[in-house]
Amino acid sequence: MDRPALPNDPGSFWMPFTANRAFHQDPRLITAADGMYYTSHDGRQIMDATAGLWCVNAGHNDPLIVEAVQKQISTLDYAPHFNFGTPQAFELASKLADLFPAGLNHVFFTNSGSESVDTALKIALHYHRMRGDAARTRLIGRERGYHGVGFGGISVGGIVKNRAQFGTLLNGVDHMRHTHDPARNAFSRGCPEHGAELADDLIRIAELHDPSTIAAVIVEPMAGSTGVLLPPVGYLQRLREICDRYGILLIFDEVITAYGRLGRASAAEYFGVKPDLITTAKGLTNGSVPMGAVIVDERIYTSAMENADAPIELFHGYTYSAHPLAVAAALASLESYRRNDLFARADALAPLWEQAVHSLKGLPHVADLRNLGLVGAVELQPRPGAPGARGTEAMKMAWAEGLMIRVTGDIIALSPPLIITEDEIQQLFGKLAGILRRLD
Ligand SMILES: Cc1ncc(COP(=O)(O)O)c(C=O)c1O
């Protein structure tokens, strides 16, 4: 493997969520992609075991999406959606309304998961205020939750390092306990059996603050970025019941779970629990053009239309809300998912995937294995005194051996494009097993 040349001043690009200085010493550069594979700077094929960052569900360079974006850029490059519209944006919103559970019928477009989260939090606050319930201003998240990097998202988020350097964040936020309980649930297949009662932590918080001050609760139905934490059986149902009891809106952050990751259009559908708002991004355009969408319940939208105190019902929006290229990419992505029946494909592959994930049991350093849909996690025992070092090393070894994996600390997360074949699943886990055997 050749070491790629970086420009004289590689630091001119301040890389996101990256150890920049270490990267400059040992760069990993990607020059092309197709289907399940990237091409590295030195011409190697690298299997994408993470669908990029949980976004390339239909595989790379899907011809349908490439063609749609090419056509769009030469027809209408940009148009504003403040006071003007494009027909395709309305078409996309209708298609999304059909895709998500009944009642979630209205769509607000953003450019990323972080923006979707901040948008959903703002819509929740707006909803209560317009109904005359203006005391409901508190927002509740969960420890270890990841909701992007906007100030709203890091406030309700529960990843300490993402919050620590950034001041006082939003006021009036509290956090429920997380659901990760390896002592009781290690090596669960699918959702863990123990822990539904952790949802009752919302009762504690509601009673502490007075439930009538709480606007919304936001959770990832399946937490990905913090290292794949699965909801205990019955947990999400219980959270829904408690929200209903107290008049609290429930937001599912589905930035990674929507568009097929669990073998359904949404985790809401998978778990049979209907939230009031769903935040999405990533798979919406198969990662090809930045876009997010917040899917909003009928009663929230209707209330805004009926109760707003100004002709503009919601003072919120982005220059690039419903950007024509993103809309074209999203319409083509939804079409590709449909034509190739990719959600059902993920569902059908899930049992084999589960077997493959759990085949790593007993290998060196493996502390836990988790799976759901086409998501897997390998939790490694940290090196004494050096948390995260073993995970980083595994990621580097995988890259050297033609595999892109994602690590959060010492947890390896796997979430391949939904086009992965049975053969490729075996190759992926064969390679990973070899790496684990050789890892210090
Ligand atoms: C659950 C969740 N919410 C929000 C985000 C933020 O999305 P973005 O990076 O597009 O802002 C992510 C990204 O991984 C996510 O997993």
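Me: How many residues of domain 1 are in contact with how many residues of domain 2?

Reply: In this predicted model, the protein is divided into domain 1, made of residues 10-58 and 341-438, and domain 2, made of residues 67-339. The C-alpha centres of the two domains lie 26 Å apart. Counting contacts between them, the domain 1 side has 30 residues, and these meet domain 2 residues numbering 29.

Me: Which element gives the most to the side of domain 1 that touches domain 2?

Reply: The elements that give two or more residues to this side are helix 2 (51-54), helix 14 (342-358), strand 11 (366-372), strand 12 (375-380) and strand 15 (411-414). By class, the residues of the side of domain 1 that touches domain 2 comprise 16 nonpolar, eight polar and six charged. With seven residues, the element that gives the most is helix 14.

Me: Which helix gives the most to the shell around the ligand?

Reply: The ligand is surrounded by 15 residues, and the closest are Ser112, Gly113, Ser114, Gly148 and Val255. The shell divides into six nonpolar, seven polar and two charged residues. The element that gives the most to this shell, with three residues, spans residues 113-130 and is helix 5.

Me: Is helix 5 parallel or oblique to helix 12?

Reply: The axes of helix 5 and helix 12, the latter spanning residues 298-307, come within 10 Å of each other and cross at roughly 50°. Because an angle that is neither under 35 degrees, nor over 145, nor from 65 to 115 falls into the remaining class, helix 5 is to helix 12 oblique.

Me: How many nonpolar, polar and charged residues make up the contact of helix 5 with helix 12?

Reply: Helix 5 passes helix 12 in a left-handed crossing. On the side of helix 5 the contact is made by Ile123, His126, Tyr127 and Met130, and on the side of helix 12 by Ile300, Ser303, Ala304 and Asn307. Divided by class, these residues are five nonpolar, three polar and no charged.

Me: Are helix 3 and helix 13 roughly parallel or roughly antiparallel to each other?

Reply: The axes of helix 3 (residues 63-73) and helix 13 (residues 324-339) come within 8 Å, crossing at roughly 155°. Since angles over 145 degrees are assigned to one class, the two helices, helix 3 and helix 13, are therefore roughly antiparallel.

Me: How many nonpolar, polar and charged residues does the contact of helix 3 with helix 13 have?

Reply: Helix 3 passes helix 13 in a right-handed crossing. Among the residues that meet are Leu64, Ile65 and Ala68 in helix 3, and Pro324, Leu325 and Ala328 in helix 13. By class, the contact has eleven nonpolar, three polar and one charged.

Conventions
Residues numbered from 1 in each chain as written. Predicted model: local features only at pLDDT ≥ 70, side-chain atom pairs only at ≥ 80, totals over all residues. Domains from an automatic or database assignment. Contact = placed C-beta atoms within 7 Å. Helix = DSSP H or I, 4+ residues; strand = E, 2+ residues; numbered from the N terminus. Nonpolar A, V, L, I, M, F, W, Y, C, P; charged D, E, K, R; others polar. Near = placed C-beta within 6 Å. Axes fitted to C-alpha atoms, helices over the stretch in contact; angles between N-to-C directions. Left-handed = near helix turned anticlockwise from the far one by under 90°.
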